[in-house]
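Subject: Structure handover

Hello,

Please find the structure below, with its sequence. My notes on it follow.

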Amino acid sequence: MNAGAVPRLVIAAPSSGAGKTTVATGLMAAFAEAGLVVSPHKVGPDYIDPGYHSLATGRPGRNLDAYLCGVDRLAPLFLHGAAGADLAVVEGVMGLFDGASGMGELSSTAQVSKVLRAPVVLVVDASSQSRSVAALVHGFASWDPEVRLAGVILNKVGSDRHEELLREAMDSSGVPVLGALRRTPTARTPSRHLGLVPVAERRAEAVESVGELAARVREGCDLEALLALAREVPRLPDTPWDPAVEVSRAGARTAGGGRPLIAVAGGAAFTFSYAEHAELLTAAGADVIPFDPLRDEQLPPGTQGLVIGGGFPEMYAPDLSANAPLRAAVAALAASGAPVSAECAGLLYLSRSIDGKPMCGVLPADARMTERLTLGYREAVALEDNALAVAGTRVRGHEFHRTVLEPGAGARPAWGLTHPERRVEGFVSGGVHASYLHVHWAAEPSLAGRLAGSAARRTTAPGAGR
């Protein structure tokens with residue numbers, strides 16, 4: 001299939017909590033079980049939903065975020081992720097027209113649907129309403145004529161009679177009903193302070209939940225009509241994003257000396273990562289090896305660089321702390337000057353402690369859980385040359401945590417935040433770059449190249465397993 005002609009649907013909703021993830025994941029799983037190769041995508045910076053998408057489809061869940069990556073990269077990144085797929089399903093974020101605060105449609109599901117020229121299926125929470133559903137759908141269908149609202153899936157329907165009333169109301173709306181799902185306590189996915197519990201923390205239960213979602217969608221949705229709708233799309237003229245081309249344009253490949261080994265933290269405690277990061281590191285000349293800080297007592301043999309992304313270290317602080325051999329190995333690697341990139345959870349893991357539990361002690365700071373949620377997009381600039389970025393590099397990122405680090409910045413901060421507030425944040429120390437800020441490297445491929453290059457210039461570092 002031509003890359004630009006991949007069939008595609010966007011699953012949106014009037015607001016958060018309507019059931020987008022339930023429907024999108026169920027659709028992905030149902031179509032995959034029917035034998036289709038399904039490409040999963042998520043609008044916005046969310047890391048958790050893509051884990052369920054990946055479980056449903058067997059392919060990496062990928063994010064589409066216009067704020068982090070730029071509007072012009074949305075279609076290329078989509079085509080890269082959807083290569084070889086029979087169908088792409090894109091789960092939206094928040095309400096259909098909600099995006100980056102104060103920036104119009106930027107990063108909204110509506111914007112992504114327009115860029116991808118994809119039909120939108122609106123998931124409506126139908127509980128506590130009947131005829132009013134038609135007025136709600138009419139408003140969403142007419143708000144932006146460039147958004148093609150092509151169908152509705154009614155969610156949380158109470159009974160056969162309730163469904164009948166809803167369908168009667170929708171008959172006059174001009175928007176077809178493509179499914180109706182009953183209210184049910186089954187197939188629920190547990191949540192906590194930052195959203196759903198990641199797949200990696202409950203894999204067996206998650207497999208069962210995704211199977212139940214697929215069964216519900218098969219029973220309640222017109223899969224043939226949805227697939228036909230997905231196939232009624234124009235060809236996208238864009239060229240698929242290519243990590244090798246991106247690092248080449250950025251002058252970001254390692255220069256000789258073999259392929260450095262960069263270890264990437266994973267497992268239940270570190271589940272937040274973008275698939276494109278490993279692809280960019282590989283394209284930049286590195287070999288990427290995963291490890292699990294909850295289970296592995298040493299870094300992979302020959303480790304010359306380290307990436308520790310986001311996740312929930314506060315939930316696993318006792319277990320992370322108990323793995324003293326790995327904490328010592330990470331500390332030794334950092335002390336050797338090897339490049340270490342740490343975001344959010346990685347920042348906390350490198351600190352002295354989380355809620356009093358000893359961590360790696362690489363950074364002179366301590367972390368604790370709070371009730372306050374820090375959430376939002378940020379703009380930042382590198383204040384000096386470091387292992388990840390050269391001075392003056394400007395990035396857009398995202399913060400999402402309920403922890404506080406004291407102090408919040410070192411003598412050499414990782415970033416100077418420029419929007420929406422001005423402050424310094426994070427730590428640069430030797431080869432370590434650690435920050436709360438999640439950055440999508442597809443927007444700045446030089447970050448992957450600089451990290452890989454820094455690792456390539458080193459011999460095997462202390463602290464790596466033998």
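This is a predicted model, and everything below was computed from it. I have grouped the notes by region.

Cores

The largest nonpolar core has 110 residues. Within this core, Phe-78, Leu-226, Trp-415 and Trp-441 have the most contacts. Helix α1 (residues 20-33) gives the most to the core, namely seven residues. There is also a second, separate core of 38 residues, and Phe-270, Leu-299, Cys-344 and Leu-348 are among its members. As general background, nonpolar side chains in soluble globular proteins tend to be buried together.

Helices α1 and α9

Helix α1 packs against helix α9 (residues 223-231) at an angle of about 95°, and the two axes are 12 Å apart. Angles of 65 to 115 degrees count as roughly perpendicular, so α1 and α9 are roughly perpendicular to each other. On the α1 side the contact is made by Leu-27, Ala-30 and Phe-31, and on the α9 side by Leu-223, Leu-226 and Leu-227. By class, that contact has six nonpolar residues, with no polar and no charged ones. Leu-226 is also one of the residues with the most contacts inside the largest core.

Ala-230 is in α9 as well. It counts as buried because its relative accessibility is 0%. Ala-230 touches Pro-7, Arg-8, Leu-9 and Leu-87, leaving out residues up to four places away in sequence. Its C-alpha atom is 9.0 Å from that of Val-10, although Ala-230 and Val-10 are 220 residues apart along the chain.

Helices α4 and α5

Helix α4 (residues 71-81) is largely enclosed by the rest of the structure, because eight of its 11 residues are buried. The buried ones are Leu-74, Ala-75, Pro-76, Leu-77, Phe-78, Leu-79, His-80 and Gly-81. Phe-78 is another of the residues with the most contacts inside the largest core.

Helix α5 (residues 109-116) is also largely enclosed by the rest of the structure, because seven of its eight residues are buried. These are Thr-109, Ala-110, Gln-111, Val-112, Ser-113, Lys-114 and Leu-116.

Around Leu-280 and Trp-441

Leu-280 lies in helix α11 (residues 275-283) and counts as buried because its relative accessibility is 0%. Beyond its neighbours within four places in sequence, Leu-280 is in contact with Trp-241, Pro-243, Glu-246, Val-247, Trp-441, Ala-442, Pro-445 and Ala-448. The C-alpha atoms of Leu-280 and Ala-244 are separated by 7.2 Å, with their positions 36 residues apart along the chain.

Two of these partners are worth following up. Trp-441, leaving out residues up to four places away in sequence, touches His-277, Leu-280, Leu-281, Val-307, Ser-341, Glu-343, Leu-388, Leu-447, Ala-448 and Leu-451. Glu-246 is in helix α10 (residues 243-249) and is buried, with a relative accessible area of 14%. With the same kind of sequence neighbours left out, Glu-246 touches Trp-241, Leu-280 and Pro-445.

Asp-49 and Ser-353

Asp-49 is in helix α2 (residues 48-57). At 8% relative accessibility it counts as buried, and its side chain makes a polar contact with the side chain of Lys-42 (3.3 Å).

Ser-353 is in strand β14 (residues 353-354) and counts as buried at 11% relative accessibility. Apart from residues up to four places away in sequence, Ser-353 touches Pro-358, Met-359, Ala-365, Asp-366 and Ala-367.

Backbone details

Most residues other than glycine have a negative phi, and most peptide bonds are trans. The following are exceptions.

- Arg-117, which is not a glycine, has a positive phi of about 55°. Arg-117 is in the loop between α5 and β5 (120-125) and is partly exposed, with a relative accessible area of 43%.
- Asp-355, also not a glycine, has a positive phi of about 50°. Asp-355 is in the loop between β14 and β15 (357-358) and counts as partly exposed at 38% relative accessibility.
- Glu-406 and Pro-407 are joined by a cis peptide bond, with omega about -5°. Pro-407 lies in the loop between β17 (394-406) and β18 (415-419).
- His-419 and Pro-420 are joined by a cis peptide bond, with omega about 0°. Pro-420 lies in the loop between β18 and β19 (423-425).

Regards

Methods:
Residues are numbered from 1 along each chain as its sequence is written. This is a predicted model: local features need pLDDT of at least 70, side-chain atom pairs count only at pLDDT 80 or more; totals for chains, interfaces and linings use all residues. Side-chain values use heavy atoms; hydrogens and water are left out. A nonpolar core is a set of buried Ala, Val, Leu, Ile, Met, Phe, Trp, Tyr and Cys residues joined through side-chain atoms within 4.5 Å. Buried means under 20% relative accessible area, exposed over 50%, partly exposed in between (1.4 Å probe, protein chains only). Helices (H or I, at least four residues) and strands (E, at least two) are DSSP runs, numbered from the N terminus. Contact means heavy atoms within 4.5 Å. A polar contact is a pair of N or O atoms within 3.5 Å; within protein, one must be able to donate a hydrogen and the other to accept it, and residues adjacent in sequence count only if both atoms are side-chain atoms. Axes are lines fitted to C-alpha atoms, for helices over the stretch in contact, and angles run from 0 to 180 degrees between N-to-C directions. Angles under 35 degrees count as roughly parallel, over 145 as roughly antiparallel, 65 to 115 as roughly perpendicular and the rest as oblique. Ala, Val, Leu, Ile, Met, Phe, Trp, Tyr, Cys and Pro count as nonpolar, Asp, Glu, Lys and Arg as charged, and the others, Gly among them, as polar.
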